[in-house]
Structure formats: C-alpha cells, structure tokens
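Here are my notes on the model you sent over. I've kept to packing and aromatic contacts, so have the viewer open as you read.

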Amino acid sequence: MASHYEAPIRRPLVTGEKSYHDVTVDVARPVEGKANKAWWIVFGISLVAFLWGIGCIIYTIATGIGVWGLNKTVNWAWDITNFVWWVGIGHAGTLISAVLLLFRQKWRMAINRSAEAMTIFSVVQAGLFPIIHMGRPWLAYWVLPIPNQFGSLWVNFNSPLLWDVFAISTYLSVSLVFWWTGLLPDFAMLRDRAIRPFQKKIYSLISFGWSGRAKDWQRFEEVSLVLAGLATPLVLSVHTIVSFDFATSVIPGWHTTIFPPYFVAGAIFSGFAMVNTLLIIMRKVCNLEDYITVQHIELMNIVIMITGSIVGVAYITELFIAWYSGVEYEQYAFLNRATGPYWWAYWAMMTCNVFSPQFMWFKKLRTSIMFSFFISIVVNIGMWFERFVIIVTSLHRDYLPSSWTMFSPTFVDIGIFIGTIGFFFVLFLLYSRTFPVIAQAEVKTILKSSGERYKNIRERGDSLVGTGADARTSNPVQIVTSSTSESAPVDNSDKVNSLLGTIGSFDASKESADDLKKINGVGPKMEEVLNSIGIYTFMQVSKMTKTEYDLLDSITGSFPGRAERDDWAGQAKNLLNN
C-alpha cells in the first residue's frame, strides 16, 4: 500500500503569524503615528526638487519655451520623452489592480494600493508636460472638443495628440475611482479608530458611510469587478495611443507597426520597476516587511524579467525590419542610433533594458532585496533612455544633411524634469502618511489559515479564535490572543464571569437558545464563539452596553468594535419585540 502523501504547504503571503487585529494595527500605524526622521529627510529633499521645478516652469511660461534646448530639427525632445516615461510608469498600477484582480492573483493584495497611488501621481506628472509645452497653458482647454471664443474652431479628431487627451483623461478618471473605491473599508477602519473629533469627521466623510454590512461588501466587490473590467482595456489602449504619436508619422525609425505592443510591454516593464523601487522603500520605512515580503518582490521581478525580454525582442525586430525593408533611410536611422553621436544613449538603453533583467533568471538574485532595488532603478533609467533614443536620434539627422543638428537640454529642461520627480515623491509621501498603504480588508482574506502553526495548535487542543483561521472553540474561557504559536492560552475566566454577571447567564433547563445568526454581523463561527462564552439568547445580547462590548472584544480578540458598530444590542431588542 502506498504511503500517505501530504502536499507541501504553500508559503504564506503574510508572514509573522498575524491575527486580524495585528493587521489593523500595522496598517493604521503609519497614519496614526508620527513620521520618523527618514520620512522628513526624503520629504524635504523632494519638496526642494519640486519647488525648483516650479521655478523653472514659471521661468518657462514668463520667457517662452525658447529657454528649452529645442531647435528646428529636434522640435520634440525632453518634454515628450518625460511625458511618455511618466505615462509608462503609471501602467503597473492598473495592471496590478485590475488585471491581476480579474485573474484572482492573491499576491497583488499587499501591493495594489501603492501601485494605484503611483499610477495617479505619475499620470499627473505626465499631464504637466503637454500643458507646459503649449507655451500658453491657460489656453489648455482648447484641446477639448468644446465651444470656445472662436466659435467654429474645433480640434483635429484625426490627430493622435487629441487621442492622448481622451485616453489619458479616461485612464486617470477610472484609476482614481478604482483607487478610492478600494480605500473605503480602510477609511472606515481609521474612522472607527480615530480619537480626535476632527479626524473622525474627515474619515467619516470620505468613507461614504461604510458600515461593513454584507450589502456593503457585495456592492464593493461588484463595483470593483466592473471597474477592473473597464480598466483592463486601458492597460492596452493608453500606451498604444501614445505610440501612435510616433507610428502615424513618416519619420524613419517611427512609422512602424510594432510600436503599440512594444510600447505597452515597455510601459509595464518600467511601471513594475517603479513599483519595486517604491515598495522596497515603503516596507522598510513603514515596517511592513511581514506584508510586502520577499515573495512579492520575487514575483514582481519575474514580471520585470518577462517584459524586459519582450522589449529585447522588440528591439531586435525593429533592427530586422529596418534591414529587411531595404529602405536606406530606415536602415541609416538605426545604424545612426547604434554608432552615431548618441551611441552612448543607445547602448545605455540596451544595457539597462535588455541585459540587466536577465539576472532575474537566478533565484538568489531575484530574491535579494538590495539587488532588486538596484535593478529597478537601472530599468527606469534605461526606459527613460529608450524614449530619448526613439525621439532624439530619429529627429536630429533629417533627410537633408544641411539640417542635421544636435540636441542638448538646458538647465530649465533638467529643472522641470527634476521638479516632476520631486512632485511625485511629495505626493507619494503625503499619501503614505494620510491613507493606509495596504488594503487591510483584502490582506485579512489571505491570512494563512492552514499550515504547521495551525496543525500544532489543533494538536494541543487550543482555540484558533483570533488567529486568522476558522475554528471551533474547545474551551469556553481559554482564548488565544497572542499571535505566536508558543504563547499559552490566556485564562479569561474573570472577564467572562464579569460579562455574564451583567447580561445574565443562560440556564438550559429553563430557557431555549435563540438563533443569534439573525443579528447582522453574527455568522455561524461568531455564534459558536458567543455560545462558548455562555451567550445564547437575544435577551443577553440586548443588555450589552459600551462596557460589555469592550469586554467581549477583549475576550474574543477578533473583529474589535464590530459588535458596537453593528449595534448588536439594538438589533437584539428589535428581534425580541418581533
């Protein structure tokens, strides 16, 4: 007879043997606590960079875009390079949130919130460049198809630049709604934990009356799926449309049909690299190592490796098509990229985007936090060079050698770019101090409820209540309240006696037990927990006040505040009257 085979236990996505209460406390800590010294240092540097960028923008608007390094031949360069780079970075947020949600990938739950925030903040930076490039940003509304003071002046619907306006504004709107919808349970959590009246009012307002009822969760999941379905096509469409800015032209090196999938793969590539960069910092600064684990970093590195390989194939395909076409202008454009005056930018692009991600084939390297951080920065540098190479090297040598020229950025160009980086980090750092950086409700659904720890607890005969696992309570007054498997069960006899002394004890010979599941917020498992304590009737529950709610929370250790928030006593009174 074959021996019994026991399947290996999967690695938990949340380490540290956390309970539900631990998750709430850890997620709320960065918002409720004070910022540390490292946060203030990074925020100060980012703010200085942002203010420098603001100064350069004011100088540009006051003087004219002649202060940039543009010329007649290279009339697009620094601004459009940065625009495409920022839009690309924003891609990973929607991919992690929407696409991985539809595919039921649980590893997204600890990282989707920061990725969504990154998407919104990066798209804001991208939108600045076309507006500034207009020279008169106060007339930016002219790009919208609305009546204006010229009456019959309308935008050119054939222009891919107009498609950019629609695509990116739609992308920003859907991403913003998706992000805010996911934040509602966390805002409600902060509302219930808030001590100051002002904070309580603010979080009450922005949580839109979230109560945690089953109906709320049903609507939440339905809306999330609908928004994910709307956002998924945007992952493909937005950067496809951005690529049309180039692909619809007749300039050698631009008019190629590979641009749409090539740009999308590159956007996901750079976006995941930025997510990696931010989360490696956030997990350390906010003490979230148990939630943003090495496993998360490894999975994102695998995506970076795959998309980097796709980008490498796209580079090779471009070279092949240029050779196969037999068009000498096209062939020269690519030869000029590799051997011309901007050869250093081309080979920096190839090194950073094609060669560096191949190190991720080795498990030891892709599970190294420091190496992952280094590679993620290298990839973002390489993707910036990719956009620079595509734009500048295709423009600086025209059909006529007499019009050949070089492009060099001025201090204003560099200042505006650095300013957007500073603005991005200012927004992200403020977000990390105001909003929960992890979706605590979603993380609680993936707490490891099986494995060696729980097998050991069951073998000892202890309760699993409050440990994140479904369990039956074998001892009515011994509840595990610690999150470590070595902790002994806590004797809550005094608390149980105090609670029952107030609300009354149940006498099975004289009374019949009520169906406590009729109370909203009490499910089958919670009913078992209440019964194990000695609570069986609506009459007992109806006598609960703030004191008894707190006692019950301290005994069970799970879902603190739920009984008071759902008003179990009021519901029990109504059930008694009916």
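**Notes on packing and aromatic pairs**

1. Let's start with Phe-424: its relative accessibility is 0%, so it counts as buried. Keep in mind that this is a predicted model. Phe-424 sits in helix α15 (residues 411–434).

2. Which residue does the ring of Phe-424 pair with? Its partner is Trp-86, with the ring centres 5.2 Å apart. The planes meet at 40°, and since edge-to-face needs over 60 and stacked needs under 30 degrees, the pair goes down as tilted. Trp-86 belongs to helix α3, so to speak the other end of a link between distant parts of the chain, 338 residues apart. Trp-86 is buried too, at a relative accessible area of 1%.

3. The aromatic pairs come to 53 by the rule used here. One of them joins Trp-78 and Trp-384, an edge-to-face pair at 5.0 Å centre to centre with 65° between the planes. Because Trp-78 is in helix α3 (residues 78–89) and Trp-384 in helix α14 (residues 369–395), this pair ties together parts 306 residues apart in sequence. Both Trp-78 and Trp-384 are buried.

4. Now the cores. The largest nonpolar core counts 125 residues, and those with the most contacts inside it are Phe-83, Met-118, Phe-246, Tyr-262 and Phe-272. Helix α9 (residues 259–285) supplies the largest share of this core, 15 residues. If you want one residue to click on, try Phe-246: leaving aside neighbours within four places in sequence, its contacts include Trp-76, Ile-80, Val-84, Trp-254, His-255 and Ile-391. Phe-259 and Phe-263 are also among the contacts of Phe-246.

5. There is a second, separate core of 23 residues, with Leu-499, Leu-516, Val-541 and Ala-563 among them. Leu-499 is in helix α18 (residues 493–503), and with 0% relative accessibility it counts as buried. What does Leu-499 touch beyond its neighbours within four places in sequence? The list is Ile-533, Ile-535, Glu-548, Leu-551, Leu-552 and Ile-555. As for Asp-550, its C-alpha is 9.8 Å from that of Leu-499, with the two positions 51 residues apart in sequence numbering.

6. Last, the outside. Phe-320, Ile-321, Trp-323 and Tyr-324 make a nonpolar surface patch of about 520 Å². Phe-320 is part of helix α10 (residues 294–325). Is Phe-320 buried, exposed or partly exposed? Its relative accessible area is 44%, so Phe-320 is partly exposed.

Terms used. Residues numbered from 1 in each chain as written. Predicted model: local features only at pLDDT ≥ 70, side-chain atom pairs only at ≥ 80, totals over all residues. Heavy atoms only, no water. Core = buried A, V, L, I, M, F, W, Y, C linked by side-chain atoms within 4.5 Å. Buried < 20%, exposed > 50% of the residue type's maximum accessible area, 1.4 Å probe, protein only. Helix = DSSP H or I, 4+ residues; strand = E, 2+ residues; numbered from the N terminus. Contact = heavy atoms within 4.5 Å. Patch = residues over 30% accessible without salt bridge, like charges linked within 9 Å, V, L, I, M, F, W, Y side chains within 5 Å. Areas by Shrake-Rupley, 256 points an atom, 1.4 Å probe, with all protein chains shown as cover. Salt bridge = Lys/Arg side-chain N within 4 Å of Asp/Glu carboxyl O. Phe/Tyr/Trp six-rings, centres within 6.5 Å; stacked < 30°, edge-to-face > 60°.
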